[in-house]
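Subject: Structure handover

Hi,

Here is the structure I promised to pass on to you. Please open it alongside this email, and I will go through what turned up.

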Amino acid sequence: MQEQIIKIFGQLTDHFIAFVPNLIGAICVFVIGYFFAKVVSKYVYTLIMKAVKDETLAVFLRKVIFVGILLLACITALTNLGVKTASVIAVLGTAGLAIALSLKDSLSNLASGILLVVFRKFNRGDTVNIASITGKVDSIDLLYTKLTTPDNQVVILPNSTIANSPIININANKKRRIDLIVGIDYTSDLQKAKAILERLCAEEGMVLNEPAPVVGVNALGASSVDLIVRFWAESDNIPQVQYQLTQKVKLTFDKEDIEIPYNKLDINIKPQQLLAKE
């Protein structure tokens, strides 16, 4: 019994000694493949940035190339361990089919991510509105896109959701039009109010002169004459110019006796004698 144990142990030792070089070789292949993937993906990123200066495409391709080379390194390492490549491919094919059926949503996200990069619906750094969520695009990954909202919250959206939703690219154009609605009382001087609004637009440095601002009557409301101020501004200045111009309108109207109406409730109290007669 002792001789059989010694014999089996010796055989295992021989197999292990014979296997060690293959194991070391496989580890070396994987490590070299890993660093090679990092170098090549970084080089492709730098090359694309120099050629077309498209960070979204460069980041996306860098990740795809890194994963692809790393997968090839893993297959080569397994082959070095004695695993037949045909068997590996067959296993990967079977596993891929099973994974595809169980992870169809993730594959849909992957395909949608590729479409987002190819058709250039938006780029990294753009401010977009997707599915009623507004934020700045931080990254477009293989499966998800990350946005940062104006109040600094991070939103992770699946690429398939983005591909199937209306996309509003807020700052795709350098300038945009803003419509500012201002209500004045029916007893206020309409022409004077229009002249004030035109003057404020002309004095505001962030309001563009071309196209020229337009001031007109938008509607005759139940309790106010609604004036509309249409002006153009640089996309990056939109929030600031809206805040400043709205504040200037309020302060100037107060100074010029232009009333901005608000809901009022008139209460008529009958004298006690009349109530007694009734």
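Leaving aside its neighbours within four places in sequence, which residues is D126 in contact with? The answer is G135, K136, V137, N169 and N171. Please keep in mind throughout that this is a predicted model.

D126 is a good place to begin looking around. You will find D126 in the loop that runs between α4 (104-119) and β1. With a relative accessible area of 15%, D126 falls under the 20% limit and so counts as buried. Its side chain also makes a polar contact with the side chain of N169, at 3.2 Å.

N171, one of the residues that D126 touches, brings in another aspartate from further along the chain. The C-alpha atoms of N171 and D236 are 7.4 Å apart, although 65 residues separate the two along the chain. D236 sits in the loop between β8 (225-234) and α7 (238-255). Is D236 buried or exposed? D236 has a relative accessibility of 69%, and the bar for exposed is over 50%, so D236 is exposed.

Now for the overall make-up. The protein chain has 8 helices and 8 strands. Of its 278 residues, 27% are buried. Among contacts with a separation of 6 or more, 63% are between residues 24 or more positions apart. The chain exposes about 18600 Å², and 62% of that comes from carbon and sulfur atoms.

The first sheet to look at

One open sheet has 5 strands, in the order β4-β3-β2-β1-β5, and its pairing is antiparallel. Its edges are β4 (154-158) and β5 (167-169); each has a single partner strand, so one side of each has no neighbour in the sheet. On average, neighbouring strands here are turned by 40° against each other, direction ignored.

Within this sheet, β1 (residues 127-130) and β2 (residues 133-140) run antiparallel and are joined by 4 bridges. I130 of β1 stands opposite I133 in β2. In the loop between these two strands you will come to A131, which has a phi near 50°, a positive value in a residue other than glycine. A131 is partly exposed, because its relative accessibility of 42% lies between the 20% and 50% limits.

The other sheet

A further open sheet is formed by 3 strands in the order β6-β8-β7, again with antiparallel pairing. Which strands stand at its edges? They are β6 (175-184) and β7 (214-220), each with a single partner strand, so one side of each is left without a neighbour in the sheet. The twist from one strand to the next averages 30°.

β6 and β8 run antiparallel and are joined by 10 bridges; among the pairs, G183 has D226 in β8 as its bridge partner. Two helices pack on this sheet. Helix α6 (residues 190-203) touches β6, β7 and β8, and its direction makes about 10° with that of β8. Helix α7 touches β6 and β8, with its direction at about 25° to that of β6.

Backbone points worth a look

Most residues other than glycine have a negative phi, and most peptide bonds are trans. Where does the chain have a cis peptide bond? The bond from E210 to P211 is cis, with omega near -5°, and P211 belongs to the loop between α6 and β7.

Besides A131, with its positive phi, there is D257, which is not a glycine either and has a positive phi of about 60°. D257 lies in the loop between α7 and α8 (272-277). Its relative accessible area is 67%, over the 50% limit, so D257 counts as exposed.

Cysteines

How many disulfides does the structure hold? The number is 0. Two cysteines are still worth finding on your screen. C28 has a relative accessibility of 40% and is therefore partly exposed, whereas C201 is buried, with a relative accessible area of 3%.

That is everything I wanted to pass along. Do write back if anything is unclear.

Best wishes

Conventions: Residues numbered from 1 in each chain as written. Predicted model: local features only at pLDDT ≥ 70, side-chain atom pairs only at ≥ 80, totals over all residues. Heavy atoms only, no water. Pairing = 2+ DSSP bridges. Axes fitted to C-alpha atoms, helices over the stretch in contact; angles between N-to-C directions. Buried < 20%, exposed > 50% of the residue type's maximum accessible area, 1.4 Å probe, protein only. Contact = heavy atoms within 4.5 Å. Areas by Shrake-Rupley, 256 points an atom, 1.4 Å probe, with all protein chains shown as cover. Disulfide = S-S within 2.5 Å. Polar contact = N/O pair within 3.5 Å; in protein donor to acceptor, adjacent residues only side chain to side chain.
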